[in-house]
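Hi,

Here is the structure I said I'd pass on. Have a look at it first, and my notes on what turned up are underneath.

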Amino acid sequence: MLRGINHQIIFEEREDYERFIKTLARYKTISGYTIYAYCLMSNHIHLLIKEGKENLEQIMKRVAGSYVYWYNWKYKRVGHLFQDRFKSEPVETEEYFLTALRYIHQNPIKAKVSTDISQYEFSSYTEYLQDINIIVDKEFVYSIINKAKFIEFNLENNDDICLDIKEQNNRINDSEAREIIKQVCGYINASEIRKLDIAERNKCIKALKDGGLSIRQISRITGVSKYAVEKSQTGQ
């Protein structure tokens, strides 16, 4: 799992999600890894992956480094995008393999950004459901469970938690928050707010707070530090 620094948004728009998937596809050939499942959320990434020619450390260094270089170029920013080192844990049994796979596919539902995993565009469930091949290797999964049972299993209600990650449940979800930012501040990309001069930025942040966004959420989506968002309350 990779998470945006300070829970910051790492995918602003469709092109960003698509770029990360292309990056995963590119380095599959170079690093020789196998992908069984993935889910790209607005501020974090889940992968179920098997090492190949290179170890996980090198794989994630390549993938994350390539995406950050492109993202910083696109949004004219500098510095880190991902928070610390990736988190990982070994998957040693078929039972836990399927649990982890289901957890990844159900992430959009548990994060309350979708009510149907088949409708969430940026996860591997679509590849399994539509029998298409983009970056996922499905053979091993279907050697454990057939497609009908696989679909049934992925739709089951459960309390699965992998890597002890609990998604935040904001009163206003991040998709709604980005729309509020567009309407209130007039910016297509929320990250543009951090480029404003201080007075204009603080005016925009105050309007977002008045619109119901929390300090933590504003910081996470715009990339403006939590300290700066808090400080804007005092007009400093």
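Let me begin with a helix pair: H3 and helix H7 (residues 147-155) pack with their axes 9 Å apart, at an angle of about 65 degrees. Bear in mind throughout that this is a predicted model. The H3/H7 crossing is right-handed. On the H3 side, the residues making the contact are Leu98, Thr99, Leu101, Arg102 and His105, and they meet Phe150, Phe153 and Asn154 of H7. Sorted by class, that contact comes to 4 nonpolar, 3 polar and 1 charged residues.

Next, helix H10 (residues 215-222). How many of its 8 residues are buried? The count is 6 of the 8, so H10 is largely enclosed by the rest of the structure. The buried ones are Gln217, Ile218, Ser219, Arg220, Ile221 and Thr222. If you want to see what they sit against, bring up helix H8 (174-185), helix H9 (198-210) and helix H11 (226-231), since the buried residues of H10 pack against these. Right after H10 comes Gly223, with a positive phi near 85 degrees.

Then there are the loops, where a couple of backbone angles caught my eye. Lys76 lies in the loop between helix H2 (56-74) and helix H3 (94-105). Its phi is near 50 degrees, which is a positive value in a residue other than glycine. Is Lys76 buried or exposed? Its relative accessibility is 70%, and the cut-off for exposed is over 50%, so Lys76 counts as exposed.

The other lysine to check is Lys112, in the loop between helix H4 (107-110) and helix H5 (125-130). Lys112 is not a glycine either, yet has a positive phi of about 60 degrees.

Gln119 is also found in the loop between H4 and H5. With a relative accessibility of 59%, Gln119 counts as exposed. I also looked at where Gln119 lies relative to Pro108: the two are 11 residues apart along the chain, and their C-alpha atoms are separated by 9.8 Å.

If you only have a few minutes, I'd open the contact of H3 with H7 and then the surroundings of H10, with H8, H9 and H11. After that, go to the positive phi values at Lys76 and Lys112.

Tell me what you make of it when you've had a look.

Cheers

Definitions and conventions
Residues are numbered from 1 along each chain as its sequence is written. This is a predicted model: local features need pLDDT of at least 70, side-chain atom pairs count only at pLDDT 80 or more; totals for chains, interfaces and linings use all residues. Side-chain values use heavy atoms; hydrogens and water are left out. Helices (H or I, at least four residues) and strands (E, at least two) are DSSP runs, numbered from the N terminus. Buried means under 20% relative accessible area, exposed over 50%, partly exposed in between (1.4 Å probe, protein chains only). Axes are lines fitted to C-alpha atoms, for helices over the stretch in contact, and angles run from 0 to 180 degrees between N-to-C directions. A crossing is left-handed if the near helix is turned anticlockwise from the far one by less than a right angle, and right-handed if clockwise. Contact means heavy atoms within 4.5 Å. Ala, Val, Leu, Ile, Met, Phe, Trp, Tyr, Cys and Pro count as nonpolar, Asp, Glu, Lys and Arg as charged, and the others, Gly among them, as polar.
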